[in-house]
Structure formats: C-alpha cells, structure tokens
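Please look over the sequence and the structure below, and then follow the paragraphs slowly, turning back to the picture as each part is named.

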Amino acid sequence: MVESKVKDKSLAAKGRLQIEWAESHMPVLMAIRERFSREKPFKGVRIAASLHVTKETAVLAKTLAAGGADVYLAPSNPLSTQDDVAAALAEEGIHVYAWKGMSNREYYNAIGFAISSEPIITLDDGGDVAGTLHKLALGITDESVKYALEITGNKDYVSLIKKILGGTEETTTGVIRFRAMEKDGKLMYPIIAVNDSYTKYLFDNRYGTGQSTWDGIIRATNLLVAGKVIVIAGYGWVGRGVAMRARGLGARRVIVTEVNPIRALEAVFDGFEVMPMNEAAEIGDIFITATGDIRVINLDHMLRMKNGAVLANTGHFNVEIDVEALEKNAKSKREIRPYVVEYLLPNGKKVYLIAEGRLVNLAAAEGHPSEVMDMSFSNQALAAEYILKNKGKLMPRVYRLPQDIDEEIARLKLTSMGIRFDSLTEEQAKYISSWETGT
C-alpha cells in the first residue's frame with residue numbers, strides 16, 4: 001500500500017506556509033492540539049477521513065496526529081484539493097491520497113485508500129468514506145464501490161465495520177444520508193452529526209459559505225455583483241448566508257426559491273423576494289443552488305434564462321444543476337475562463353457554468369476562511385475524542401455532539417477574540433431552573 005499519493009511533492013514548502021497561515025487564524029483548534037499533544041488520546045488509533053484537502057483541514061489532520069492518531073486522508077470532492085497542502089501533509093507523515101482535478105475513478109480510488117487503513121474512526125464531509133464502507137459491508141455494488149475496491153481489495157468488510165467505534169459527518173448533505181440509513185435500519189455504527197452543532201452550522205454554513213461562495217464566483221468570473229439580479233435556490237443556513245452577502249455586495253434584487261413554506265416565509269420576512277424557479281429563471285443574472293437536492297435547475301429552466309446567465313452550485317454534490325442534460329443538449333461548449341464553461345443552447349442563448357457545477361467555493365476558490373473552520377474542525381476533533389471516550393456506549397444512530405462541548409468551543413472562540421461576556425449569578429441560575437416563582 002502506498003503511504004501517500006499527491007500531485008507534486010516539490011510543492012511542500014509552499015504548502016507549509018499555507019498551513020502556517022491557517023494555524024495562526026485557528027486558535028481554538030490549536031489549543032485543542034496543545035492538549036492532545038500532552039494527553040495523546042488517539043495513541044494507536046487509525047482514522048480514515050474524507051475531507052476537502054485544504055490548509056484548514058491540514059490543521060485538523062496535524063492536530064489528530066499530535067494526539068497520536070495515524071491519519072489516512074482522502075478528499076471529499078475531486079476539485080477541492082490544494083496540491084501544495086497535500087504535498088506538505090505527505091511530507092509530515094499524514095497518509096494523503098489527493099490532488100486537484102481527480103477523475104471519478106481516481107476519487108474513489110482515494111476513498112478506497114482511506115478504507116484500506118482499516119480505521120476505527122471515520123471523519124466525513126459528505127459521507128463518502130462511511131457510505132462506501134457501508135456499501136461494501138452490505139454487498140452493494142456500483143461504480144464507486146468498484147473503484148474503491150481497486151485499492152482496498154477484497155476483505156471481510158462486515159468484520160471490518162464492526163470494529164469501527166464511530167464516525168463524524170460535517171455537512172447537511174451527509175447528515176441527511178446517514179439519517180436515511182438509520183431510518184432504513186442500514187446504519188452499522190454511530191455517527192456524530194458535527195453539522196448539527198451550533199458552532200458549526202450557525203457560522204460555517206451561514207458566514208463561511210456565504211463569503212466563500214461569492215469568493216469563488218468572483219474569482220472565476222470577475223463580474224460585478226452590484227446591480228445584478230441574484231437567484232438563490234434554497235434558504236437553509238447556506239442560502240441565508242449567500243443571500244445576505246449578495247445584498248451586501250449591492251445586488252439589485254435577491255430572489256429566493258424554496259419548497260419549504262416556513263423557509264420561504266422567513267426569506268420574505270428577511271426582505272428577499274420569493275418565487276418559483278420557473279419565474280426566477282427568466283429574470284436572474286446569477287443563479288446559485290444551495291439545496292442538497294437533485295436537478296433544482298433543469299434544462300427547461302436554463303432554456304428560459306437570459307442570454308449570458310451564470311450558474312453556480314454551493315451544495316456538496318454536483319447534482320443540483322442538471323449538467324448531464326446541459327451537456328447532451330448544448331450545441332457547443334468552450335472553456336472561456338478557468339473554471340467557466342460557456343454552453344450554446346438550442347435556442348441560441350448562452351449560459352455559463354462555473355466549476356462543472358461542483359461546489360464553487362472550493363473548486364474555484366479556497367473554501368471557508370480559517371477563522372470559521374476553526375470552530376467546525378474543533379467540533380470534528382472533539383467529536384472524534386468523544387467517540388473514543390464513549391466506546392461501547394453509542395448505538396448505530398446519528399447523534400448530536402453534547403451541548404457542553406458546543407458551548408466550550410464558543411467560549412474558547414470568544415476568549416481568542418478578546419471578547420468577554422456575562423455569566424449567570426447564583427440567583428439567576430436558580431430562577432431559570434425552578435418553577436415555583438410566578439407572576
């Protein structure tokens with residue numbers, strides 16, 4: 001088995017500088033690393049991770065390694081790896097199998113590489129390590145499994161999966177997958193839904209994706225947002241963040257499309273227009289999907305769009321824009337800028353797709369700022385420790401990280417920012433925890 005496979009090992013020096021920059025902006029995770037270095041909670045523990053191989057992920061991987069873990073890292077998207085960071089991690093002894101621009105086969109080879117370590121903890125951003133492991137154990141065969149098997153080989157995957165103490169999942173999309181598995185009785189080991197922590201989704205999903213989505217779109221297109229009509233599909237925490245930043249960048253109109261009436265109503269009360277995608281398609285300049293669902297923008301929508309409309313996806317998987325239908329029906333296509341492909345539609349109009357419809361913030365930019373990933377990856381690190389501390393106590397279910405851990409991350413973050421906040425007096429604590437006092 002190869003120790004690591006990266007694009008260019010000579011990029012390591014540049015990658016070390018990138019990691020150093022992230023470390024200087026991730027004080028909470030660095031404090032956790034300092035404790036892990038003393039206590040070595042992961043001594044002898046193999047961890048298989050499918051995460052975006054970025055400078056921030058590198059800080060997490062090094063933190064786990066400092067705690068004694070043997071870390072095997074695969075990407076969680078074919079276009080999100082920062083090759084200099086991957087090279088630096090490989091040089092430091094992290095087992096990493098990743099490079100930017102992987103084919104589907106290469107990507108699932110990387111997932112197989114992580115699985116071949118026979119881990120006892122898995123970390124996921126999208127669910128591909130744990131999901132593929134479950135497919136192998138359940139005897140489900142598809143193209144992704146076939147490619148993973150090319151690296152991991154034939155093994156007793158039922159026995160392997162029984163040895164896994166638990167896993168973590170960072171994304172809304174991944175948590176949905178694992179909750180569906182739990183509902184169907186297919187989940188074979190416990191999963192900590194890191195995405196459900198307040199210090200993850202309220203900040204990462206909203207402020208991180210809100211900023212990094214526009215970073216990716218602007219880097220790819222260099223278009224002016226001010227004065228444009230922006231259409232955002234989905235008003236979860238990601239959609240909220242993207243809409244908020246669109247308004248801040250001077251968009252003339254921000255339109256939200258939704259299927260959930262409560263979220264649609266919230267978007268209206270937040271001051272945004274709400275309408276069906278069929279109507280929004282005719283007036284939008286830039287379209288951004290953030291739903292986690294399939295074919296939110298279909299060919300009919302694209303045919304309705306203005307000439308020159310720009311399409312981007314900020315959901316985890318590249319299914320929200322119907323790229324397959326676009327490829328089949330376009331009269332021609334050409335890459336007009338890095339990460340921007342122009343499609344000539346049958347009606348003579350042109351649309352521009354960014355980053356193949358993959359998550360735009362990581363494919364065309366660098367992903368979330370380090371400051372917000374500080375909290376997300378602190379959740380990942382502490383969730384992995386929580387799994388170890390609760391060995392044998394967790395059932396094959398999807399769990400939320402305990403609130404006291406969530407609140408401790410927030411306290412550490414505030415302290416690192418030099419911000420003080422109040423605490424309850426003894427009288428106040430007693431008052432809100434009792435029922436006797438009335439009007």
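In this predicted model, Ala309 stands opposite Val351, a residue of strand E15. The two strands concerned, E12 (residues 309-313) and E15 (residues 350-354), run in the parallel sense where they pair, and three bridges link them. They belong to an open sheet of eight strands, whose order is E10-E9-E8-E11-E12-E15-E14-E13 and whose pairing is mixed. At the edges lie strand E10 (273-274) and strand E13 (332-337), each of which pairs on one side only.

Helices pack on this sheet as well. Helix H10 (residues 198-221) touches E8, E11, E12, E13, E14 and E15, and its direction makes about 140 degrees with that of E11. Helix H11 (residues 237-248), which touches E8, E9 and E11, has a direction at about 175 degrees to that of E8.

Turning to the interior, the largest nonpolar core holds 49 residues, and Phe42, Leu89 and Val96 are the ones that touch the most other members. Helix H17 (residues 370-389) supplies the largest share of this core, with 10 residues. Among the residues that Phe42 touches, beyond those up to four places away in sequence, are Phe36, Ile47, Leu64, Ala381 and Leu388. Apart from this core lies another, of 32 residues, which includes Tyr97, Ile115, Leu133 and Met181.

A charged residue deserves a separate look: which side chain of opposite charge is nearest to Asp84? Asp84, found in helix H4 (residues 83-91), is buried yet has no salt bridge, and the nearest such side chain, that of Lys14, is 4.2 Å away. A salt bridge requires a distance within 4 Å, so this pair does not count as one. Asp84 nevertheless touches Lys14, along with Leu11, Ala12, Gly15 and Gln18, when residues up to four places away in sequence are not counted.

Key. Residues are numbered from 1 along each chain as its sequence is written. This is a predicted model: local features need pLDDT of at least 70, side-chain atom pairs count only at pLDDT 80 or more; totals for chains, interfaces and linings use all residues. Side-chain values use heavy atoms; hydrogens and water are left out. Helices (H or I, at least four residues) and strands (E, at least two) are DSSP runs, numbered from the N terminus. Buried means under 20% relative accessible area, exposed over 50%, partly exposed in between (1.4 Å probe, protein chains only). Lys and Arg count as positive and Asp and Glu as negative; His and the chain ends are not counted. Contact means heavy atoms within 4.5 Å. Two strands pair if DSSP finds at least two bridges between them. Axes are lines fitted to C-alpha atoms, for helices over the stretch in contact, and angles run from 0 to 180 degrees between N-to-C directions. A nonpolar core is a set of buried Ala, Val, Leu, Ile, Met, Phe, Trp, Tyr and Cys residues joined through side-chain atoms within 4.5 Å.
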